[in-house]
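I'm opening my notebook on a new structure today. My plan is to jot down what I look up, one topic at a time.

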Amino acid sequence: MRKHSVLAWSMVVALGGFLFGFDTAVISGAEKSIQQFWGLSVFEHGLTISIALIGTVIGSLLGSKPSDRFGRKNTLYFVALAYLLSSIGTALADNWYVFLVFRFLGGLGVGTSSVTAPIYISEVSPADRRGRLVGLFQFNVVLGILISYLSNYLIGQGGETSWRWMLGVQAFPSLLFIILIRFIPESPRWLILKKGNIARALEILRVINPLNCDQELAAIRQSNLTTPNSKSASLFSGQYKAPVILAVLFAFFNQVSGINAIIYYAPRIFEMAGLGAHSSLLSTVGIGLINFIFTLVAINVIDKVGRRLLMLIGSIGLIASLFLVGITFYSGQFSGFAIPMYVMVFIAFFAFSQGAVIWVFISEIFPNEVRAKGQTLGSSTHWIMAALIAFSFPYLAEKLGGATTFFFFATMMVLQLLFVWRMMPETKGRSLESIGDNLIMH
């Protein structure tokens, strides 16, 4: 019963990840129709695509406030409502400004979700299955991206207003998310640290960990006693230096791998490599599938082999595949599908390492009293870097060429390998309290 309860709660919250992936990628199928419908200039079109990303950055920066104040569960209600209103509002928008407001609201939902959902799952998961359960969030993000591509393809056959259905169809999973959140409990760690509700927290801990619930309760209360000012604990007071550095560097390396540039601009990259438009789109679908498959593999082994080994294997694969793309661009010898093949290998290694590990690792390394603030720091670093890379990639690719751009990404992955080897601790199978205490002490 315990096993299934925690899995069910995690799957409900991971639905926020599905909506996150769907909302992020769905615009790719609608953007040309939207530009034509309102006769948008190049600047207006760029703003239409990026407004959700701006909302995501703001949502991730502010995510810890509602999560700490109102609770993880109530914050997830806001996320679900933001997705629902965004999908209905963009589908029915009768002018461009209204459309922008609702796309921005969807972005706020994505940003807040990337902070709150991994925290919630990490706080209700037993230590021996935490990697897999938090990994469900990333798995659902990737599934959401894949389903949005498929949905866009199917709905796209329906004429010139089909873009409204592409965006509106998200209302159905959003409504399901709102209904299902009612059936999950609040995080026991939030109940203890922010509300002092020991009795309710112990009930939930009995479901999560019936054999050791009293010891776990004692460990959580002890962590609260060591930081009695936990409500006002500053993330940047020197004692949290180690987890802060780890979270920022981890999120930084996630994006300087070039992952978002490749996902957003895959057809453009493949056309630079000499493929026709049709082959480029076909290759893009391949990226979605490989991302999905290798994320699934990773979340099934993350609790067995650990976070660190996945990152070491992934870093080596990323270095090799990015250098191969760069060398192929440099040589100018595009032999058919060489670059798409190397990019697919890159996606496989990324999904197997950084993609699966980031939300798990950042949700684990901060002590209870600053976990929401720490997740906010990691998530906002990730999204700010994502915005910078996405905006600068077309310019860099044009000015520097494909070879230099991919050599830059490969060099960054060499630095990531050094970071993982020298600095990254293993968090597999340890309680959140022991991880937090260990990182504060060292």
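**Entry 1: salt bridges**

I started with charged pairs, and the count comes to 10 salt bridges in this predicted model. A reminder to myself: side chains of opposite charge can pair when their charged atoms come close.

The pair I looked up to begin with was Arg-103 and Asp-23, whose closest N and O atoms sit 3.7 Å apart in a salt bridge. This pair links distant parts of the chain, with Arg-103 in helix H5 (residues 96-124) and Asp-23 in helix H1 (residues 2-38), 80 residues apart. Are these two buried or exposed? Arg-103 has a relative accessible area of 3%, so I wrote it down as buried. Asp-23 has 2%, so it goes down as buried too. The cut-off I needed for both is that buried means under 20%.

Next I checked Glu-123, which forms a salt bridge with Arg-72, and here the closest N and O atoms are 3.0 Å apart. Again the partners come from distant parts of the chain: Glu-123 is in H5, Arg-72 is in helix H4 (residues 72-92), and their positions lie 51 residues apart in the numbering. I noted both Glu-123 and Arg-72 as buried.

Then came Glu-364 and Arg-307, whose side chains meet in a salt bridge at 2.6 Å, N to O. Glu-364 belongs to helix H16 and Arg-307 to helix H15, so this pair ties together parts that are 57 residues apart in sequence. Both of these residues are buried.

One more thing on this topic: which residues are joined into one network by salt bridges that share partners? I found Asp-68, Arg-72, Glu-123 and Arg-371. So Arg-72 and Glu-123, the pair I had just looked up, turn up again as members of that network.

**Entry 2: a charge without a salt bridge**

Glu-369 caught my eye next. I found it in the loop between helix H16 (338-364) and helix H17 (371-422). Glu-369 is buried yet has no salt bridge. How far away is the nearest side chain of opposite charge? It belongs to Arg-371, and the distance is 7.5 Å. The salt bridge cut-off is 4 Å, so that distance doesn't qualify. What I did find for Glu-369 is a polar contact of 2.7 Å, joining its side chain to that of Tyr-240.

**Entry 3: the whole chain**

Time to zoom out. I counted helices and strands and got 18 helices and 0 strands. The C-alpha atoms fill a box of roughly 65 × 50 × 40 Å along the principal axes. Why would I call the chain compact? With 442 residues, a compact globule would have a radius of gyration near 22 Å, and the chain has 22 Å, so the two agree. I also wrote down that 58% of the 442 residues count as buried.

**Entry 4: a nonpolar patch on the surface**

After all those buried residues I went looking at the outside. Ile-54, Ile-58, Leu-61, Leu-62, Ile-384 and Leu-388 form a nonpolar patch on the surface, with about 490 Å² of accessible area together. Which helix gives the most to the patch? That's H2, with 4 residues. Helix H2 (42-62) and H17 each supply at least two. I picked out Ile-54, which is in H2. Its relative accessibility is 35%, so it counts as partly exposed.

**Entry 5: a few distances**

I finished with some C-alpha distances.

- Gly-306 sits in the loop between helix H14 (277-305) and helix H15 (307-331). With a relative accessible area of 0%, Gly-306 is buried. From Gly-306 to Ala-52, 254 residues apart along the chain, the C-alpha separation is 34 Å.
- Lys-428 is in the loop between H17 and helix H18 (432-441), and at 33% relative accessibility it counts as partly exposed. Lys-428 and Arg-308 are 120 residues apart along the chain, while their C-alpha atoms are separated by 8.8 Å.
- Ser-363 lies in H16 and is buried, with a relative accessible area of 0%. Its C-alpha atom is 7.9 Å from that of Gly-374, which is 11 residues away along the chain.

Methods:
Residues numbered from 1 in each chain as written. Predicted model: local features only at pLDDT ≥ 70, side-chain atom pairs only at ≥ 80, totals over all residues. Heavy atoms only, no water. Patch = residues over 30% accessible without salt bridge, like charges linked within 9 Å, V, L, I, M, F, W, Y side chains within 5 Å. Areas by Shrake-Rupley, 256 points an atom, 1.4 Å probe, with all protein chains shown as cover. Buried < 20%, exposed > 50% of the residue type's maximum accessible area, 1.4 Å probe, protein only. Lys, Arg positive; Asp, Glu negative; His and termini not counted. Polar contact = N/O pair within 3.5 Å; in protein donor to acceptor, adjacent residues only side chain to side chain. Rg over C-alpha atoms; globule rule 2.2 N^0.38 Å.
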